[in-house]
Amino acid sequence: MHVDFAGRQTYGGYLKLDLLLAAQQPVTQQHDEVAFIIIHHVQELWLKLVAHELEAAIAAIRADHLAPAFKSLARVTRIQEQLIAAWDVLSTMTPADYLAFRGALGQASGFQSYQYRLVEFLLGGKDANMLLAHRHDAKAHARLTAALNAPSLYDEALRILARRGHPVPQELLERDFSRPYAPNPHVRDIWLSIYRNSRQHFDLYELAEELVDVEDWFQQWRFRHMKTVERIIGYKPGTGGSSGVGYLKTALDHAFFPELWEVRTYL
């Protein structure tokens, strides 16, 4: 076992642990604030990897290489399991524990996580108004703006359907990608045909199921987020000015890949 690391790469040096572990800087003396910070740091690290894998999946689909996209999307779902588990840890915090330091957060809120917003944009949850909270950060604003205006994961899925000869309406392939996607019955019927002929179109069928997996886990994460917030602060407004639980509940009604859910009724 190596024990002399003078001038050599070390575990702590490679991972920049001095920087990572110094990032937990509570602003109060309350015991539970450390847990609150670490849980959110962990979630931000996982969100960084989710965005990394979604961008890789989008690039692979665009290049007609579905196998690497499947690997990236499968990894995303495993990461989402970890994100959901993080809420289980946060739920050990009682309302009294959180209220002891909540006031010190000021207007800071998870609503302002640019990485979460980036993941939403990559999945197709486009809303230009969500850029407003990031105008103070030029780098984050630029990355979000680029993602807002670029084809999402689902847009690239529709494009590969068209390249494979499926009759995707042209207006969907050339639309304003900064706008949220609206369900289309022609797209539903294309997916319906793929599901009914899954052996003939197996890689597209697998793509559809990978997308459903991603959205399924994402919605579970949203639900656990909402219930954790309700458990800790009830229906108080969020520190960032949102309606709190009410706002989080509305997000549960938004689908990234609507036809893939609708098609199940028609099979």
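Are Glu120 and Arg117 buried or exposed? Both of these residues are buried, and we will come back to them once the general layout is clear. Keep in mind throughout that what you are looking at is a predicted model.

Let's start with the whole protein. The secondary structure consists of 13 helices and zero strands, so as defined here by DSSP runs, every element you meet on the way from the N terminus is an α. Along the principal axes, the C-alpha atoms fill a box of roughly 60 × 55 × 35 Å. The protein has 267 residues, and 42% of them count as buried. If you take the contacts between residues at least 6 apart in sequence, 72% join residues at least 24 apart. The accessible surface comes to about 14,500 Å², and carbon and sulfur atoms account for 57% of that.

Now for the inside. In soluble globular proteins, nonpolar side chains tend to be buried together. Here, the largest nonpolar core has 69 residues, and Leu153, Tyr154 and Trp191 are those with the most contacts inside it. Helix α11, residues 202-233, gives the most to this core, with twelve residues. Tyr154 is a good place to stop and look around. Leaving out residues up to four places away in sequence, Tyr154 touches Tyr181, Val187, Trp191, Leu211, Phe256, Phe257, Pro258, Glu259 and Leu260.

Tyr154 also brings us to helix α8. Eight of the eleven residues of α8 are buried, so this helix is largely enclosed by the rest of the structure. The buried ones are Leu153, Tyr154, Asp155, Glu156, Ala157, Leu158, Ile160 and Leu161. Following α8 you will find Gly165, which has a positive phi, near 95°.

Helix α8 carries charged residues too. Side chains of opposite charge can pair when their charged atoms come close. Within α8, Glu156 forms a salt bridge with Arg159, with 3.7 Å between the closest N and O atoms. The two residues are three places apart in the helix, about one turn. Their surroundings are worth comparing: Glu156 counts as buried because its relative accessibility is 0%, while Arg159, at 25%, counts as partly exposed. The pair is also part of a network of salt bridges that links Arg62, Glu156 and Arg159.

At residue 163, the last in the range of α8, there is another pairing to find. Arg163 forms a salt bridge with Asp64, and their closest N and O atoms are 3.2 Å apart. Arg163 lies in α8 (residues 153-163) and Asp64 in the loop between α3 (32-62) and α4 (66-90), so this pair ties together parts that are 99 residues apart in sequence. Arg163 counts as partly exposed at 40% relative accessibility, and Asp64 counts as partly exposed at 36%. In total, the protein has 15 salt bridges.

That brings us back to the opening pair. Glu120 and Arg117 meet in a salt bridge of 2.8 Å, N to O. They are three residues apart in helix α6 (residues 114-123), which puts about one helical turn between them. An α-helix has 3.6 residues a turn, so residues three or four places apart point the same way. Glu120 counts as buried because its relative accessibility is 9%, under the 20% cut-off. Its side chain has a further partner: a polar contact of 2.6 Å joins the side chains of Glu120 and Arg222. Not counting residues up to four places away in sequence, Glu120 touches Gly125, Phe218, Arg222 and Phe256.

Another arginine to visit is Arg188, in helix α10 (residues 185-196). Arg188 is buried, with a relative accessible area of 14%. Apart from its neighbours within four places in sequence, Arg188 is in contact with Glu259, Glu262, Val263 and Tyr266.

Finally, let's step out to the surface. Tyr11, Tyr14 and Leu15 make a nonpolar surface patch of about 400 Å². Tyr11 is in helix α1 (residues 11-14), and at 64% relative accessibility it counts as exposed.

Technical notes. Residues numbered from 1 in each chain as written. Predicted model: local features only at pLDDT ≥ 70, side-chain atom pairs only at ≥ 80, totals over all residues. Heavy atoms only, no water. Salt bridge = Lys/Arg side-chain N within 4 Å of Asp/Glu carboxyl O. Helix = DSSP H or I, 4+ residues; strand = E, 2+ residues; numbered from the N terminus. Buried < 20%, exposed > 50% of the residue type's maximum accessible area, 1.4 Å probe, protein only. Contact = heavy atoms within 4.5 Å. Patch = residues over 30% accessible without salt bridge, like charges linked within 9 Å, V, L, I, M, F, W, Y side chains within 5 Å. Areas by Shrake-Rupley, 256 points an atom, 1.4 Å probe, with all protein chains shown as cover. Core = buried A, V, L, I, M, F, W, Y, C linked by side-chain atoms within 4.5 Å. Polar contact = N/O pair within 3.5 Å; in protein donor to acceptor, adjacent residues only side chain to side chain.
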